[in-house]
Amino acid sequence: MRWASLAFLHWPMPASALRPLVPASLEIDTFEGEAWIGVVPFRMERTKLRGLPLVPGTHTFGEFNVRTYVRHGPTGRAGVWFFSLDAASFLAVWAARVGFGLPYFNAEIIVARDNIVTEDTGPAKATDVAPLAVRYVSRRRHRGAPDAAFRATVAPANSRVVAGPGSLTHWFTERYALFATRLGKLITGDIYHRPWPLRPAEARIETNTLVSAWGMDLPDIEPWVHYADTVDVVAWAPRVLR
């Protein structure tokens, strides 16, 4: 798959606020004693099973996820725990819920670069020049799920960020595993991509109820914001942790 026009927006959160929402078998991962929650909107492109052709309705769509960072004590494995993943593809939502046990929800989503909507006009192209701004809009349309919406504009800088090991940015972004529960069992899945081509960015957030839908209140501060044009990703089937 390819992830394009992606923004990382992060806020510090007390680990105690996250603890009831994460399985007891996982530790809340912290950086210098502080836990974080992230909202990550982007555009999924060319998503398919290895060796098979693209399937219409499942390979290109907008996605917004809400996440925190966790560690599996027995293995020491660090990764991502998703509270929710909203996606503009009914088939992709169904497949992710059934196959991965991930909390995907159907949503209407727009990802727009330079005021030109890219959701239906083809994949964004990687470039050395940052877009002037990217607009992200999501409204959940999943039957029986709590309402959740997001609307923001992110303005990336032309400069790049070097996320060295030991930095908070590296801790946020260089995560190569996810955790979920399926049929009552803890599972994990591996992913791989080259290091993120990150840019510093600023965000103007108009609406964000993706987090409050979980009963959590974000701190009244500006988020830590990063932006990436594109990164190619491979993922492996999930497996049960023993």
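I take two strands as paired if DSSP finds at least two bridges between them. The model I am reading is a predicted one.

**Entry 1, strand β4 and its neighbours.** With that rule in hand I looked up the partners of β4, and I noted that 10 bridges join it to β5, the two strands running antiparallel; within this pairing T68 stands opposite W81 of β5. On β3 (residues 35–45) I found 8 bridges to β4, again in the antiparallel sense, and G38 stands opposite R67 of β4. Strand β2 (residues 27–28) also pairs with β4 in the antiparallel sense, over 2 bridges, and here I recorded R71 in β4 as the bridge partner of E27. I then looked at the hairpin of β4 and β5, where 4 residues lie between the strands and G76 takes a positive phi near 75 degrees.

**Entry 2, burial of β4.** I asked myself how many of the residues of β4 are buried. The count is 11 of the 12, so I describe the strand as largely enclosed by the rest of the structure.

**Entry 3, aromatic pairs.** I listed 13 aromatic pairs in the structure. For F64 and Y136 I noted ring centres 6.3 Å apart and planes at 85 degrees, and because planes over 60 degrees apart count as edge-to-face, I entered the pair under that heading. F64 belongs to strand β4 (residues 61–72) and Y136 to strand β8 (residues 134–140), so this contact ties together parts that are 72 residues apart in sequence. F64 counts as buried, at 0% relative accessibility, and Y136 counts as buried at 0% too.

I turned next to F83 and W214, whose aromatic pair is tilted, with 5.9 Å centre to centre and 50 degrees between the planes. This pair links distant parts of the chain, 131 residues apart, since F83 is in strand β5 (residues 77–87) and W214 in the loop between β12 (198–208) and β13 (224–235). F83 is buried, with a relative accessible area of 2%, whereas W214 counts as partly exposed at 32%. I also noted a cluster in which ring pairs link F31, W36, Y69, W171, F172 and W224.

**Entry 4, arginines over rings.** R175 lies over the face of W171, 4.6 Å from the ring centre, and the charged end of R140 sits over the ring of F105, 4.3 Å from its centre.

**Entry 5, a surface patch.** On the surface I found a nonpolar patch formed by F90, L91, W94 and V98, which together have about 470 Å² of accessible area. V98 lies in helix α2 (residues 90–100) and is exposed, with a relative accessible area of 52%.

Conventions
Residues are numbered from 1 along each chain as its sequence is written. This is a predicted model: local features need pLDDT of at least 70, side-chain atom pairs count only at pLDDT 80 or more; totals for chains, interfaces and linings use all residues. Side-chain values use heavy atoms; hydrogens and water are left out. Patches are made of residues with over 30% relative accessible area and no salt bridge: like charges are joined within 9 Å, nonpolar side chains (Val, Leu, Ile, Met, Phe, Trp, Tyr) within 5 Å. Accessible areas come from the Shrake-Rupley method with a 1.4 Å probe; for residues, only the protein chains shown count as cover. A salt bridge is a side-chain nitrogen of Lys or Arg within 4 Å of a carboxyl oxygen of Asp or Glu. Buried means under 20% relative accessible area, exposed over 50%, partly exposed in between (1.4 Å probe, protein chains only). Rings of Phe, Tyr and Trp (its six-membered ring) pair if their centres lie within 6.5 Å; planes under 30 degrees apart count as stacked, over 60 as edge-to-face and the rest as tilted. A charge sits over a ring if NZ of Lys or CZ of Arg is within 6 Å of the ring centre and within 35 degrees of the ring normal.
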